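Hi everyone, thanks for coming. I'd like to walk you through a few local details of one chain today, so please pull up the structure and follow along.

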Amino acid sequence: MKYVMGIDIGTSATKTVLFDETCQAVAMASCEYPLYQPQNGWAEQQPEDWYQAVVQTIREILAKSPVDAKDIVGIGLSGQMHGLVMLNEKEEVIRPAIIWCDQRTGKECIEITRTVGADKLMKITANPALTGFTASKLLWVRNHEAEHYRQCRHILLPKDYVRLRMTGQYATDVSDASGMQFLDVRHRCWSDEILDRLDIDPSWLAKVYESPDVTGTLTTAFAAATGLLPQTIVVGGAGDNAAAAVGTGIVSDGKAFTTIGTSGVVFAHTSDLHIDPKGRVHSFCCAVPGCWHVMGVTQAAGLSLRWFRDTLGHDYMKEAEQAGLDPYVVMDHHVEHVPIGSRRLLYLPYLMGERTPHLDPDCRGVFFGLSAIHTQDDMLRAVMEGVSYSLTDCQDILRDMGIVVQEMMACGGGGRSPLWRQMLADMYNCEVKTVSSKEGPALGAAILAGVGAGLFKNVVTACRDFIDTKTYCQPDPTAHAYYEKGHALYQKLYRQLAGCYQDLATL
């Protein structure tokens with residue numbers, strides 16, 4: 001029996017999973033690390049934390065699994081997208097990584113749009129300049145930290161920094177590279193025109209591969225640190241959502257998924273490149289060679305629930321500890337008795353600004369309609385409904401673009417909640433399914449590794465052969481009718497508050 005490993009380098013934690021050649025999970029380990037917010041709207045992490053988490057989780061898996069390292073034939077990497085890791089000529093990290101949800105780069109987005117031209121930017125990169133993307137982060141460092149910029153010789157995405165430490169190779173894949181704003185998304189290569197207009201040295205960028213392509217093998221040092229063997233291959237891998245698509249079988253037209261992780265995403269596969277002229281959703285290369293995907297992103301999906309848990313949900317955490325349960329399971333139980341609509345309480349999930357559909361780094365979270373009648377449980381359900389309304393915004397835009405979704409899957413931490421899946425089914429007014437595997441991006445990364453190692457013919461056939469559908473949630477017509485009205489009010493609130501958000505940002 002041969003084995004492949006999927007490593008998902010997320011925002012909250014790294015999760016490493018070992019799979020056999022039928023894509024069944026054999027062993028899993030995870031390791032959390034902190035997120036730093038030096039100022040309101042900023043978000044940074046230490047790349048060394050990601051690397052150490054990868055080493056620790058691999059060692060844990062090998063320690064508790066009977067699998068021999070010589071039978072592990074490939075590794076796939078998945079990771080949080082858009083982060084900026086800057087290295088000097090000695091391959092040392094220059095400053096903490098500015099990660100995807102950081103919102104400091106509004107002026108740099110204006111600079112990019114003015115320098116490149118809005119139409120040219122959309123034509124080449126398929127997306128407008130956004131605060132979350134890597135290009136604006138790099139320009140921010142150039143504008144505000146001249147000494148750090150002067151030292152820079154390489155820029156990498158989070159998972160690709162870990163790859164460098166694993167293999168010694170500067171490499172990335174087309175799906176993750178799409179979110180840097182330096183890639184010609186149609187032609188799946190770096191854009192010389194964009195780099196020239198922004199005055200970025202092309203030598204700073206890694207080589208671009210398709211997701212199942214082999215990018216290198218483990219160094220002797222990394223093999224010694226983990227217990228793996230040096231000849232183990234590492235494939236291109238994918239950005240977290242592109243990897244999650246593979247891990248849930250979203251690899252052909254008509255299929256889509258909703259994921260509720262730290263961020264929330266509605267992701268649809270497409271064989272042809274679709275671009276929203278308003279730039280409300282992202283169009284990227286996907287992990288299936290020669291194909292693309294379109295996705296809407298809400299910045300603070302699971303992050304909203306985690307914020308509520310950590311800030312206002314101490315009672316839930318205490319109850320969970322006493323009962324030996326996951327706090328989120330306890331929170332689901334408390335929400336079950338709260339009626340649809342949370343007793344006329346709405347939540348806007350804009351803790352970190354918003355991408356889809358507003359492209360607004362200044363908007364912030366709101367509870368609307370709060371009264372003395374409301375309880376902690378009402379507020380909790382309102383948070384879940386507010387995130388679901390935001391995801392419905394994403395789904396509506398895909399529909400407006402003519403992307404027909406015939407099958408919707410749910411994944412991510414929030415996707416494991418039956419209550420949250422039912423909310424999505426009721427709001428989307430369509431059936432929502434899950435898959436048997438809970439591993440999502442890690443499974444997708446492992447499948448890509450299996451293709452690179454020759455275990456599987458290609459990505460599509462591997463998904464067809466090994467990914468099974470499990471649970472179905474049917475929409476409730478009465479709930480859908482209510483949520484249609486609630487969604488209209490939810491959308492109206494942003495329009496009413498848009499100017500106030502700008503005032504708040506300059507207060």
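**Loops, a hairpin and a patch**

Let's start with Pro357, which sits in the loop between strand S20 (346-348) and strand S21 (366-368). Keep in mind that this is a predicted model. What kind of peptide bond joins Thr356 and Pro357? It is a cis bond, with omega at about 0°.

Stay in that loop for a moment, since Leu359 also lies between S20 and S21. Its phi is near 50°, a positive value in a residue other than glycine. For background, most residues other than glycine have a negative phi, and most peptide bonds are trans. Leu359 has a relative accessible area of 30%, so it counts as partly exposed.

Now go back along the chain to Arg344, in the loop between helix H13 (327-335) and S20. Arg344 has a positive phi too, near 60°. Is Arg344 buried or exposed? With 71% relative accessibility, Arg344 is exposed, because the cut-off for that word is over 50%.

Next, the hairpin. Strands S18 (residues 282-285) and S19 (residues 292-298) run antiparallel and are joined by 4 bridges. If you want one pair to look for, Phe284 has His293 in S19 as its bridge partner. Between the two strands there are 6 residues, and in this hairpin Gly290 takes a positive phi near 80°.

Last stop: the surface. Asp192, Asp196, Asp199 and Asp201 form a negative patch there. Asp201 belongs to the loop between helix H8 (192-198) and strand S12 (207-209), and its relative accessible area of 36% makes Asp201 partly exposed.

Thanks for listening!

Methods:
Residues numbered from 1 in each chain as written. Predicted model: local features only at pLDDT ≥ 70, side-chain atom pairs only at ≥ 80, totals over all residues. Heavy atoms only, no water. Pairing = 2+ DSSP bridges. Patch = residues over 30% accessible without salt bridge, like charges linked within 9 Å, V, L, I, M, F, W, Y side chains within 5 Å. Areas by Shrake-Rupley, 256 points an atom, 1.4 Å probe, with all protein chains shown as cover. Salt bridge = Lys/Arg side-chain N within 4 Å of Asp/Glu carboxyl O. Lys, Arg positive; Asp, Glu negative; His and termini not counted. Charge placed at Lys NZ, Arg CZ, Asp CG, Glu CD. Buried < 20%, exposed > 50% of the residue type's maximum accessible area, 1.4 Å probe, protein only.
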